[in-house]
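Notebook open, model loaded. I'm jotting things down in the order I looked them up.

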Amino acid sequence: FNAMVFLGDNGTSIADFIAPLGTAVSAVFRFNATTQQYESFDSSLPAFLNTLNTLAFGDVLFLRVVVPATLDQPAGGPPAGTTHQIVLRDGWNFVSYLGATGPPATVLEDISGLLAAFVFDEPSQSWLRFTPGSLAFLSTLTQLGNLQGVDVHCLLWR
């Protein structure tokens, strides 16, 4: 699995997005914070079984890659002079981070109700964790970088 932030146009067809990769990608997943479930696209399945059809700028995607491949997409983040607003829901949110690299305590300090944040580490195929207010050695996520997908767990009703 590989986590990535989609930087293309809103409304891009998932089939068009993965077409240049041929058979390198067997499935694509996106977390839906409203339903608290993953949506998926698998080209080997009948179309009616796919719940992920279009993408939006800033979507965090999990790609199941079966052979190495290179993906070209626009550079950077949001167009200059614009912001990328993310609405956090109570519970889990898989969001794109498009800012400067820094320690998670600094980068995530303004998120009210933050319980924990996780970043998927492709080389180890495991999750790195940051828990605000905990002992430093309990957090395995030490830097948050531009274009990383961050799984944010929030308790917003307090």
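Entry 1. I started with Leu 49, which is partly exposed because its relative accessibility is 44%, between the 20% limit for buried and the 50% limit for exposed. Worth noting up front: this is a predicted model.

Entry 2. Where does Leu 49 sit? I found Leu 49 in the loop between β4 and β5 (54–55). Leu 49 also belongs to a nonpolar surface patch with Leu 45 and Phe 48, and together they have about 330 Å² of accessible area.

Entry 3. Next I went to the sheet. I traced four strands in an open sheet, in the order β1-β6-β3-β4, with antiparallel pairing. β1 (2–5) and β4 (37–41) are at the edges with a single partner strand each, so one side of each has no neighbour in the sheet. From one strand to the next, the twist averages 30°.

Entry 4. How many bridges join β3 and β6? I get five, in the antiparallel sense, between β3 (residues 25–32) and β6 (residues 60–65). Within that pairing I looked up Arg 30, and Leu 61 in β6 stands opposite.

Entry 5. Leu 61 came up again when I checked the interior: Leu 61 is among the residues with the most contacts inside the largest nonpolar core, which has 14 residues. Ile 14, Phe 17, Val 28, Leu 55 and Leu 63 are on that list too. α1 (14–18), β3 and β6 are the elements giving two or more residues to this core. Which element gives the most? That is α1, with three residues. As background, nonpolar side chains tend to be buried together in soluble globular proteins.

Note on methods. Residues numbered from 1 in each chain as written. Predicted model: local features only at pLDDT ≥ 70, side-chain atom pairs only at ≥ 80, totals over all residues. Heavy atoms only, no water. Pairing = 2+ DSSP bridges. Axes fitted to C-alpha atoms, helices over the stretch in contact; angles between N-to-C directions. Patch = residues over 30% accessible without salt bridge, like charges linked within 9 Å, V, L, I, M, F, W, Y side chains within 5 Å. Areas by Shrake-Rupley, 256 points an atom, 1.4 Å probe, with all protein chains shown as cover. Salt bridge = Lys/Arg side-chain N within 4 Å of Asp/Glu carboxyl O. Buried < 20%, exposed > 50% of the residue type's maximum accessible area, 1.4 Å probe, protein only. Core = buried A, V, L, I, M, F, W, Y, C linked by side-chain atoms within 4.5 Å.
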